[in-house]
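Colleague: I have a model open on my screen and a pile of questions about its pockets, cavities and charged pairs. Can you walk me through them?

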Amino acid sequence: MLGLKLLTDPRWANIAESNLEEILSDHAWCEQKAATNAITLITQNSEHQDLVDELTAIAIEEMQHFQMVIEIIKKRGYTLSRERKDDYVGRLVKFSKKDGSRNMAFIDRLLFAAMIEARSCERFRVLSLNIKDQELARFYHELMVSEAGHYTTFLNFARKYSTDVDVDKRWKEWLDFEGELIQSFGTKEAIHG
């Protein structure tokens, strides 16, 4: 699925479901960060009008997802926890190339976004198929479809705007790195945990 090297053990859904307040809070912050990432890509690459248009729509959609998760949290009588560091994302940031050309950094930021969207899509699929809470199962199925579209958007922009990066080769490096990285995760009530 999505080229990921290692799929999430379905039992992770049991961990997530054991503390819905925590997984929902973590999920809300993931949506906020995804919107922020799209906006950052826009501000750093505003000369690409199609990217500006598409990522504006994604940023708005991610904030709508944030709002939807917040509404679920409130409806269930939970409290949104404070945002916390995402070690998975932090390790992906460290893998990103920042010391090459401006184009290389741009392409790697797009691939970074594609990687997170791909893993999020896969995790939402696991939740939609494995949690007992049917309302949340439907919700995560809908989000899975959305995240898959975002993943392809970022990957397609990387292919379109690369001038000095072999995108398919670099994407394979991302997939290989993430396949090793994800083996250390999947034990916490976090979307990437």
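Modeller: Sure, and since this is a predicted model, what follows is a set of questions and answers about computed values.

Colleague: Let's begin with the pockets. Which element gives the most residues to the lining of the largest pocket?

Modeller: That pocket has a volume of about 360 Å³. Its lining has 21 residues, and those closest to the centre are Cys30, Lys33, Ala34, Asn37 and Ile116. The elements that give two or more residues are α2 (20-44), α5 and α6 (134-161). With eight residues, the one that gives the most is α2.

Colleague: And how many residues of that lining are charged?

Modeller: Split by class, the lining of the largest pocket has eight nonpolar and six polar residues. The charged ones number seven.

Colleague: What about the second largest pocket: which element supplies the largest share of its lining?

Modeller: The second largest pocket has a volume of about 210 Å³. Its lining includes Gln44, Val93, Lys97, Arg102, Phe106 and Phe112. By class it has four nonpolar, three polar and five charged residues. The largest share, six residues, comes from α5.

Colleague: Now the enclosed spaces. How many charged residues line the largest cavity?

Modeller: There are three cavities of 30 Å³ or more in the structure, and the largest holds about 80 Å³ of space. Of the 11 residues in its lining, Lys85, Asp86, Asp87, Lys188 and Ala190 are the closest to the centre. The lining has three nonpolar and two polar residues, and the charged count is six.

Colleague: How many nonpolar residues line the second largest cavity?

Modeller: That one has about 50 Å³ of space, and Leu20, Ile23, Leu24 and Leu127 are among the residues lining it. Elements giving two or more residues are α1 (12-17), α2 and α6, and α2 gives the most, with three. By class there are no polar residues and one charged residue, while the nonpolar count is eight.

Colleague: On to charges. Which residue forms a salt bridge with lysine 5?

Modeller: A search of the whole structure turns up 18 salt bridges, and lysine 5 takes part in one with an N to O distance of 3.5 Å. Lysine 5 sits in the segment before α1 and its partner in helix α7, 171 residues apart, so to speak of distant parts of the chain is fair. Lysine 5 is partly exposed at 48% relative accessible area, and the partner is partly exposed too, at 32%. That partner is aspartate 176.

Colleague: Is arginine 11, which pairs with aspartate 9, buried or exposed?

Modeller: The closest N and O atoms of this salt bridge are 2.5 Å apart. Aspartate 9 counts as partly exposed, at 34% relative accessibility. Arginine 11 has a relative accessible area of 58%, over the 50% cut-off, so arginine 11 is exposed.

Colleague: How far apart in sequence are the parts tied together by arginine 76 and aspartate 133?

Modeller: The two form a salt bridge with closest N and O atoms 2.7 Å apart, and both belong to a network that also links Lys75 and Glu135. Arginine 76 is partly exposed at 24%, whereas aspartate 133 is buried at 18%. Arginine 76 lies in the loop between α3 (49-75) and α4 (87-95), and aspartate 133 in the loop between α5 and α6, so the pair ties together parts whose separation in sequence is 57 residues.

Colleague: Arginine 123 is buried yet has no salt bridge. Which side chain does arginine 123 join in a polar contact?

Modeller: Arginine 123 is in helix α5 (residues 102-130). The nearest side chain of opposite charge, glutamate 122, is 4.1 Å away, and a salt bridge has to be within 4 Å, so that pair doesn't count. Instead, a polar contact of 2.7 Å joins arginine 123 to the side chain of threonine 8.

Colleague: Last one: how far apart in space are glycine 179 and leucine 6?

Modeller: Glycine 179 is in helix α7 and is buried, with a relative accessible area of 5%. Glycine 179 and leucine 6 are 173 residues apart in sequence, but C-alpha to C-alpha their separation in space is 5.5 Å.

Methods
Residues numbered from 1 in each chain as written. Predicted model: local features only at pLDDT ≥ 70, side-chain atom pairs only at ≥ 80, totals over all residues. Heavy atoms only, no water. Helix = DSSP H or I, 4+ residues; strand = E, 2+ residues; numbered from the N terminus. Buried < 20%, exposed > 50% of the residue type's maximum accessible area, 1.4 Å probe, protein only. Lys, Arg positive; Asp, Glu negative; His and termini not counted. Polar contact = N/O pair within 3.5 Å; in protein donor to acceptor, adjacent residues only side chain to side chain. 1 Å grid on protein atoms, 1.4 Å probe; cavity = no way out; pocket = protein on both sides within 12 Å on 5 of 7 lines; lining within 4 Å. Points joined across faces, edges and corners; volume = space filled by probe spheres on them. Nonpolar A, V, L, I, M, F, W, Y, C, P; charged D, E, K, R; others polar.
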